[in-house]
Amino acid sequence: MIGQKSLLSFFTAAPGKKRSRSPESAAAATEAAKRSKINGCSTRSPPLSPEQVERIRKNKEAALQKLAARTASYIPAELGQSWRVSLAGEFAKPYFTQLMTFVAEERKRCTVYPPQHQVFTWTQLCDIHDVKVVILGQDPYHGPNQAHGLCFSVQRPVPPPPSLENIYKELAVDIEGFSHPGHGDLTGWAKQGVLLLNAVLTVRAHQANSHRERGWEQFTDAVVSWLNENLDGLVFMLWGAYAQKKGSSIDRKRHHVLQTAHPSPLSVHRGFFGCKHFSKTNEFLKKSGKQLIDWRAL
């Protein structure tokens, strides 16, 4: 009978230390190897035939087409082409399809601002690679004919809201030759590479923040992340705690970040007036060798 110590030593033999085979077992192993070589046997899977390779290719292509067809209806047709390509990875994610379904259902039940064709105005006026300045807002205006896809901006002939009036006041002091344009449409800035991006892109009429935490924040975070990682020397204007939190991951070594209070009447005197963000932005752009923003071109 084999003792316990013998069994233990058998199963715990030092790694790499081979137990000797009997001459009979060694000869049998050699003969089996020869037969395997002669018969062309191998532990590897046989190579795929051309027909199998083609079948796999077609199946993969069909699966991709099916995925594209399933998500195509959720990709907004109004998205600018360069933005559509650069942000393509977001559109197949579950949160985005759920978000688009939610907004579509909301439009069936109630009035939603801005109109569908203006939700992505910010992608239509400037190529994603030409963005130079980013101003972050929070929620679209929820009154009639106000929101049109650019934060702080309103359509003509709607009078400028209080926050925009305060922005104009700061510009009049900060930028030589600036005068109130008589309207609140900031399209002229957007065409020069100023991204006017709200964190949430839609809202129910007369119900501020009614579309928050439905997925828009994740999408606009992805926009900010793409700009942060793929462009250089951008100027980010972060006005108020909300914008500053959203821009907290921006690489300060790669980009310029300007922070101050929000221009709303409740906080404008806490640092927004006198911040000179517009002239400072042009100073940064000049150092980066980029064309300056003509803040007067509205």
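This passage reports on aromatic ring pairs, an internal cavity and one annotated residue in a predicted model.

A search of the whole structure yields 18 aromatic pairs. One of them joins W83 and W122 in an edge-to-face arrangement, with 5.2 Å from centre to centre and 85° between the planes. Since W83 belongs to helix α4 (residues 81-86) and W122 to helix α7 (residues 121-124), this pair ties together parts that are 39 residues apart in sequence. W83 has a relative accessibility of 0% and counts as buried. W122 is likewise buried, at a relative accessible area of 3%.

A tilted pair is formed by Y168 and F178, whose ring centres are 5.8 Å apart and whose planes meet at 40°. The angle falls between the limits of 30 degrees for stacked and 60 for edge-to-face, which is why the pair is classed as tilted. Y168 is located in helix α8 (residues 162-174), whereas F178 is in the loop between α8 and α9 (187-190), so the contact between the rings ties together parts that are 10 residues apart in sequence. Y168, at 2% relative accessibility, counts as buried, and F178 is buried with a relative accessible area of 8%.

Ring pairs also link a set of residues into a cluster, made up of W83, F91, Y95, F96, F120, W122, W216 and F219. Both W83 and W122, the partners of the edge-to-face pair, are thus members of this cluster.

The cavity search gives a count of 1 cavity of 30 Å³ or more. The largest cavity holds about 40 Å³ of space. Its lining consists of W83, W122, C126, V131, L150, A190, G193, V194, L195 and L196. W83 and W122 therefore appear in the lining as well as in the edge-to-face pair, and each is buried. Strand β3 (residues 194-198) gives the most to the lining of the largest cavity, contributing 3 residues. By class, this lining contains 9 nonpolar residues, 1 polar residue and no charged residues.

In the UniProt record, an unreviewed entry, the annotation "active site" covers D139. D139 is placed in the loop between β2 (133-137) and α8. The relative accessibility of D139 is 17%, and because buried means under 20%, the residue counts as buried. With neighbours within four places in sequence left aside, D139 is in contact with N198, V200, T202, V203, A208 and N209. Among these contacts, N198 lies in strand β3 (residues 194-198).

Note on methods. Residues numbered from 1 in each chain as written. Predicted model: local features only at pLDDT ≥ 70, side-chain atom pairs only at ≥ 80, totals over all residues. Heavy atoms only, no water. Phe/Tyr/Trp six-rings, centres within 6.5 Å; stacked < 30°, edge-to-face > 60°. Helix = DSSP H or I, 4+ residues; strand = E, 2+ residues; numbered from the N terminus. Buried < 20%, exposed > 50% of the residue type's maximum accessible area, 1.4 Å probe, protein only. 1 Å grid on protein atoms, 1.4 Å probe; cavity = no way out; pocket = protein on both sides within 12 Å on 5 of 7 lines; lining within 4 Å. Points joined across faces, edges and corners; volume = space filled by probe spheres on them. Nonpolar A, V, L, I, M, F, W, Y, C, P; charged D, E, K, R; others polar. UniProt positions renumbered as here; feature names shortened; annotations may be inferred. Contact = heavy atoms within 4.5 Å.
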